[in-house]
Amino acid sequence: QHHHPTESVSKAIAQYTVDAQLHAVFEQSGGTGKSFDYSKSVRTPNQSVPEEQITAYLSKIQRGGHIQPFGCMIAADEQSFRVIAYSENAKDMLGLTPQSVPSLEKQEILFVGADVRILFRPSSAVLLEKAFGAREITLLNPIWIHSKNSGKPFYAILHRIDVGIVIDLEPARTEDPALSIAGAVQSQKLAVRAISQLQSLPGGDIKLLCDTVVDSVRELTGYDRVMV
C-alpha cells in the first residue's frame, strides 16, 4: 500500500502537533509528572500549537545520528561468528581507531564479515563461543570480556534475534571482575524483584499497574521522568 508523499507529510505534522501538545501538558504537570494524566490528555480536543513549539519539541526529542555514548553494539552470525552489523562508536570503544592504534591504519579489524572473536582476548573468545552455543543465552549474562587491543574490560550482554546474536558491550567500571560482576548481579536481582512485584499485582487495575511500572523503572534507572 502506497501513500502520496503529501498525505504522509500531513500525517506526520498532525502527529508532531499532538506529541508537542502532550509534551507541554507533561511539562506543566510538575517535576515528577505525578499529576500527568495521559488518557485525559489524549482525549482533549486538539488545540493549535505554534510552529516554534513543535520545532522546539522535535529538536529536543528527535536527534538523528546520535548514539548512546555509554556502550556499543555488535551483531554477529550465530554459526560463523561473522560480524553482520556494529554501531558507529564500536571501533572507538574497543580501541580500534587509527588514532588509538596507529598500526591499524593499514588493516581494519572490525568490519562486516570479520570474525567477532578476534576483537577480544583468547579467554574472552572462549566465553563468547560458550554463550553462542548455549540454548538459553540470557542465563549467562553478563559476560566479563576484554578488548584484545586496548585491554579494557566490558560487560557483554547477549541477545538472540532472528538473524544472529546481538552483543551489547558496556564498559566495566572496575578491573576486579568479582566486584564488578557482583554489581551486575545486584542489578539483576533488583530487576527480578520488580518483575515479581508486577506479577503479584491484582488483575484489572491498569492504573495501579502503570504506577508500579513507573516506580520500578525510576528505582532501577534513577530517571526522574518515566511515562508508560
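## A tour of the aromatic pairs

With the whole chain on display, the exposed surface comes to about 15000 Å², of which carbon and sulfur atoms supply 56%. What you have open is a predicted model, and the values along this tour are computed from it. Buried residues account for 32% of the 228 residues in the chain.

Colour the chain by secondary structure next, and 7 helices and 5 strands should appear. Followed from the N terminus, these elements run α-α-α-β-β-α-α-β-β-β-α-α. If you then switch on contacts between residues at least 6 apart in sequence, 52% of them join residues at least 24 apart.

Now turn to the aromatic rings, for which a search of the whole structure returns 2 pairs. Select Phe-81 and Phe-132 to begin with: their ring centres are 4.8 Å apart and their planes meet at 25 degrees, so this pair is stacked, the cut-off for that class being under 30 degrees. The pair links distant parts of the chain, since Phe-81 belongs to the loop between strand 1 (72–76) and strand 2 (83–86), while Phe-132 belongs to helix 5 (residues 122–132), 51 residues apart. Both Phe-81 and Phe-132 are buried.

Keep Phe-81 selected and add Arg-117, whose charged end sits over the ring of Phe-81 at 4.0 Å from the ring centre. Phe-81 therefore takes part in the stacked pair with Phe-132 and also lies beneath the charged end of Arg-117.

Before leaving this part of the chain, select Ser-80, which is likewise found in the loop between strand 1 and strand 2. With a relative accessibility of 32%, Ser-80 counts as partly exposed, whereas Phe-81 is buried. Add Gly-164 to the selection and draw a C-alpha to C-alpha distance from Ser-80: the two residues are 84 apart in sequence and 9.8 Å apart in space.

For the other aromatic pair, select Trp-144 and Tyr-155, whose ring centres are 6.1 Å apart and whose planes stand at 70 degrees, so that the pair is edge-to-face, a class that requires an angle over 60 degrees. Here too the pair links distant parts of the chain, with Trp-144 in strand 3 (residues 143–146) and Tyr-155 in strand 4 (residues 153–161), 11 residues apart. Is each of these two residues buried or exposed? Trp-144 has 13% relative accessibility and so counts as buried, and Tyr-155, at 13%, counts as buried as well.

Methods: Residues are numbered from 1 along each chain as its sequence is written. This is a predicted model: local features need pLDDT of at least 70, side-chain atom pairs count only at pLDDT 80 or more; totals for chains, interfaces and linings use all residues. Side-chain values use heavy atoms; hydrogens and water are left out. Rings of Phe, Tyr and Trp (its six-membered ring) pair if their centres lie within 6.5 Å; planes under 30 degrees apart count as stacked, over 60 as edge-to-face and the rest as tilted. Helices (H or I, at least four residues) and strands (E, at least two) are DSSP runs, numbered from the N terminus. Buried means under 20% relative accessible area, exposed over 50%, partly exposed in between (1.4 Å probe, protein chains only). A charge sits over a ring if NZ of Lys or CZ of Arg is within 6 Å of the ring centre and within 35 degrees of the ring normal. Contact means heavy atoms within 4.5 Å. Accessible areas come from the Shrake-Rupley method with a 1.4 Å probe; for residues, only the protein chains shown count as cover.
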